[in-house]
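Colleague: I am new to this structure and would be grateful for a close look at a single part of it. Could you please take me through one such part in some detail?

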Amino acid sequence: MEDINVGIDLGGSHVAIGIVDKNGKILDQYEKDFTVEEKKDLINVATKYIIENINMLKKQYSFSKFGIGVAGAISNGIILKSVNLGIVNYNIKQKLEEATKVKVIVKNDAKCAAIAEYKFGDCNKYQNVLFLTLGTGIGGSYIYQGNLMAGNSFEGFEFGHMIIKAGGVPCRCGKNGCFERYGSILVFKNKIIERLNLSYDISGPELREYMRISLDKIDDLIEEYLNDVSIGISNLINIFEPDCVVIGGGFARYDYILLAPLKNKLLNSNLLFNKRDVIKLQTAKLGNDAGIIGASIL
Ligand SMILES: [Zn+2]
């Protein structure tokens, strides 16, 4: 049987299981979008889906472990808290190991993405790289002098839950005005969906097509979204002074419309403490696959 790695990306709206070769290339992928109904029981739906697929893959491939990146704070295989999945203290490692008899390694999804990007993307020429995932929520991590930084047991780097607007929109974490409530791609997409009167279950490609033909109807929403994103990113740049900022998550699929104006805003809107003429800001090379690939090499 072929010797491969298996990586899983589990987020608030999607789960994907990838079969990945030793060079970080995804050979095959099984994925599922959660329906509105399934989101009410998301963790059980996701766990069942993972178990069924791993048990199926075991018959075709040889692997002694698999990694899983989860949107949330993780410690020793336990999801301590995930606002995206709506759970606390869920021992996903134990559940999956019992049902699949395969070793499971669990890590925060944004950290998985950073590991993959730094190994297989095109930012490893830099020593200090700030990773920001703008997806259903907002996650992040920081590579300092070539190594992934992590805090104490909760690991930290909850960039999505820094407050960018005092008394702002309530966040699922219980606070108000978190970056994630303004800068996640989900918030952006929902605003577009509302403005264009579309269904919340619309697919990404369909939504992007609607956006393409209705740009004049949504340009103020794009402007507003980028204003909020640039506040969050500039706070992080002011703290870390990274050599490069890499943005992943769903944002990368909208880079053609968002990236250049975002750069422009950061350089010209008086948000950066240390002024500069150039800013190294790029989207994740591995796109949405980074989470899977990173999880596969844990
Ligand atoms: Zn929050």
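Modeller: One point of entry is a facing pair of residues: Lys65 stands opposite Lys103 in strand E10. Please bear in mind throughout that this is a predicted model. The pair belongs to the junction of strand E6, residues 65–70, with strand E10, residues 103–108. Six bridges join E6 to E10, and the two strands run parallel. E6 is also paired with strand E2, which spans residues 5–10. Here four bridges make the connection, and E2 and E6 again run parallel. Within this second pairing, Leu10 stands opposite Val70 in E6. E6 is, moreover, mostly covered, since five of its six residues are buried.

For context, a pair of helices may be considered alongside the strands. The axes of helix H5 (residues 185–195) and helix H7 (residues 215–240) come within 10 Å and cross at roughly 160°. An angle over 145 degrees counts as roughly antiparallel, and therefore H5 is described as roughly antiparallel to H7. The crossing of these two helices is right-handed. On the side of H5, the contact is made by Phe188, Lys191, Ile192 and Arg195; H7 contributes Lys217, Ile218, Leu221 and Tyr225. Sorted by class, the contact of H5 with H7 has five nonpolar and three charged residues, with no polar ones.

To return to the part at the centre of this account, E6 is joined by bridges to E2 and to E10, and five of its six residues are buried.

Note on methods: Residues numbered from 1 in each chain as written. Predicted model: local features only at pLDDT ≥ 70, side-chain atom pairs only at ≥ 80, totals over all residues. Axes fitted to C-alpha atoms, helices over the stretch in contact; angles between N-to-C directions. Parallel < 35°, antiparallel > 145°, perpendicular 65-115°, else oblique. Left-handed = near helix turned anticlockwise from the far one by under 90°. Contact = placed C-beta atoms within 7 Å. Nonpolar A, V, L, I, M, F, W, Y, C, P; charged D, E, K, R; others polar. Buried ≥ 20, exposed ≤ 12 C-beta atoms within 10 Å, placed from the backbone. Pairing = 2+ DSSP bridges.
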